[in-house]
Amino acid sequence: MTVGLAVGLLLQALAIALLRHRLGSYWLRHPITILVLTSVVYQGISASLLAIPSVADWDYFRIGIQTGYLGH
């Protein structure tokens, strides 16, 4: 795991914690919270999976982008 990925995942977890703290016990009843939570899960899982070289080789959507730009 690169430092950039770790910082990104930490910031996303911090965003969820801040939403939870700010909105209280009814935090999952707000649409923006569900949107942010879904985004964090999607971005966290996809970035973590792409950090695995064998998974990154199968990523056809990034063909043409050199791996040096992705932090590998």
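**Exercise 1. State what share of the residues in the protein is buried, and describe the overall fold.**

*Solution.* Buried residues make up 12% of the 72 residues in this protein. The model is a predicted one. Its secondary structure consists of three helices and zero strands. Along the sequence, these elements give the pattern α-α-α. The protein exposes about 5,900 Å², and carbon and sulfur atoms supply 68% of that area. Among contacts with a separation of 6 or more, 32% join residues 24 or more positions apart.

**Exercise 2. Determine which residues of H1 are buried and how they are arranged around the helix axis.**

*Solution.* Begin with the helix itself. H1 comprises residues 3-23. Its 21 residues reach 30 Å from the first C-alpha to the last, close to the 30 Å expected at 1.5 Å a residue.

Next, identify the buried residues of H1: they are Leu-5, Ile-16 and Leu-19. Seen down the axis of H1, these residues fall within an arc of 60°, so they line one face of the helix. A general rule assists here: an α-helix has 3.6 residues a turn, so residues three or four places apart point the same way.

Finally, locate the partner. The buried residues of H1 pack against H2. After H1 comes Gly-24, with a positive phi near 80°.

**Exercise 3. Identify the exposed residues on the face of H1 turned away from its buried side, and the residues that make the nonpolar surface patch.**

*Solution.* The face turned away from the buried side of H1 carries the exposed residues Val-3, Gly-4, Leu-10, Leu-11, Leu-18, His-21 and Arg-22. The nonpolar surface patch is made by Val-3, Val-7, Leu-11, Leu-14 and Leu-18, and covers about 490 Å².

**Exercise 4. Classify Val-36 and Ile-45 as buried, partly exposed or exposed, and relate each to a residue distant in sequence.**

*Solution.* First, place Val-36: it lies in helix H2, residues 31-50. Because partly exposed covers the range between under 20% and over 50%, Val-36, at 25% relative accessibility, counts as partly exposed. Leaving aside residues up to four places away in sequence, Val-36 touches Ile-16 and Leu-19. Val-36 and Leu-19 are 17 residues apart in sequence, and their C-alpha atoms are 9.1 Å apart in space.

Second, turn to Ile-45, which is also found in helix H2. Its relative accessibility is 49%, so Ile-45 counts as partly exposed. Ile-45 and Leu-9 are 36 residues apart along the chain, with 9.6 Å between their C-alpha atoms.

Note on methods:
Residues numbered from 1 in each chain as written. Predicted model: local features only at pLDDT ≥ 70, side-chain atom pairs only at ≥ 80, totals over all residues. Heavy atoms only, no water. Helix = DSSP H or I, 4+ residues; strand = E, 2+ residues; numbered from the N terminus. Buried < 20%, exposed > 50% of the residue type's maximum accessible area, 1.4 Å probe, protein only. Contact = heavy atoms within 4.5 Å. Patch = residues over 30% accessible without salt bridge, like charges linked within 9 Å, V, L, I, M, F, W, Y side chains within 5 Å. Areas by Shrake-Rupley, 256 points an atom, 1.4 Å probe, with all protein chains shown as cover. Salt bridge = Lys/Arg side-chain N within 4 Å of Asp/Glu carboxyl O. Expected span 1.5 Å × (residues − 1). Arc of directions from axis to C-beta.
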